[in-house]
Amino acid sequence: RKHWPETAAELGSIARQLTSAGHFISFEYLAGWLYFHELAHADFNTGGDSNRECTGVVAQADDGSVLQVANMDQTPVAVRNLTLRV
């Protein structure tokens with residue numbers, strides 16, 4: 001939380017929203033997934049897996065707001081179906 005305060009604030013908000021919806025998710029759990037995802041896409045990952053990309057879409061709504069959606073096209077398969085509406 002000290003070195004990336006903006007990211008920490010975002011993860012904290014996501015954890016609180018999920019918890020308030022009845023799905024306890026801690027800040028630490030989300031931070032672990034965030035850095036797992038970052039490290040899995042790093043150049044030093046030489047596991048031979050060429051499927052390290054994610055799908056993303058950026059669109060503009062009629063009211064001018066910008067929407068960005070992305071998914072995690074990697075293991076574990078269980079997280080591929082996670083949807084978060086913000």
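**Figure 1. The whole chain, read along its sequence, follows the pattern α-α-β-β.** Welcome to a predicted model, whose secondary structure comes to two helices and two strands. The protein chain has 86 residues, and 20% of them count as buried. About 7,100 Å² of the chain is exposed, with carbon and sulfur atoms supplying 56% of that area. If you like contact statistics, here is one: take the contacts between residues at least 6 apart in sequence, and 26% of them join residues at least 24 apart.

**Figure 2. Confidence across the chain averages a pLDDT of 77.** A score of at least 70 is reached by 64% of the residues. Where is confidence highest, and where is it lowest? Helix H1 (residues 5-20) is at the top with 91, while strand S2 (residues 66-70) has the lowest value, a mean of 80.

**Figure 3. Eight residues make up the largest nonpolar core.** Its members are Ala8, Leu11, Ile14, Ala15, Leu18, Phe27, Leu30 and Ala31. Two elements, H1 and helix H2 (27-40), each give two or more residues to this core. H1 supplies the largest share, with five residues. As a bit of background, nonpolar side chains tend to be buried together in soluble globular proteins. For a closer look, pick alanine 15: setting aside neighbours within four places in sequence, alanine 15 is in contact with Ile25, Ser26, Phe27 and Leu30.

**Figure 4. Arginine 1 lies in the segment before H1.** Is this residue buried or exposed? Arginine 1 has a relative accessible area of 60%, so it counts as exposed. Even so, arginine 1 touches Ala8, Phe27 and Glu28, not counting residues up to four places away in sequence. Another pair to look at is arginine 1 and alanine 31, which are 30 residues apart in sequence and 9.6 Å apart in space, C-alpha to C-alpha.

**Figure 5. The aromatic pairs come to a count of two.** In one of them, the ring centres of tryptophan 4 and tyrosine 35 are 6.2 Å apart and the planes are at 45°, so this pair is tilted. The pair links distant parts of the chain, with tryptophan 4 in the segment before H1 and tyrosine 35 in helix H2, 31 residues apart. Tryptophan 4 is exposed, with a relative accessible area of 55%, whereas tyrosine 35 is partly exposed at 35%. How are the rings of tyrosine 29 and tryptophan 33 arranged? Their centres are 6.3 Å apart and their planes are at 75°, so that pair is edge-to-face. Both tyrosine 29 and tryptophan 33 lie in helix H2, four residues apart, which is about one turn of the helix. Each of these two residues counts as partly exposed, tyrosine 29 at 45% relative accessibility and tryptophan 33 at 23%.

**Figure 6. Strands S1 and S2 form a hairpin with five residues between them.** Strand S1 (residues 56-60) pairs with S2 in the antiparallel sense over five bridges. Which residue of S2 is the bridge partner of valine 58? That partner is glutamine 68. In the turn, glycine 64 has a positive phi of about 95°. Both strands are hardly covered: the count of buried residues is zero among the five of S1 and zero among the five of S2. When you follow the side chains here, a general point may help: in a regular strand they alternate between the two faces of the sheet.

Key: Residues numbered from 1 in each chain as written. Heavy atoms only, no water. pLDDT = per-residue confidence, 0-100. Buried < 20%, exposed > 50% of the residue type's maximum accessible area, 1.4 Å probe, protein only. Pairing = 2+ DSSP bridges. Core = buried A, V, L, I, M, F, W, Y, C linked by side-chain atoms within 4.5 Å. Contact = heavy atoms within 4.5 Å. Areas by Shrake-Rupley, 256 points an atom, 1.4 Å probe, with all protein chains shown as cover. Phe/Tyr/Trp six-rings, centres within 6.5 Å; stacked < 30°, edge-to-face > 60°.
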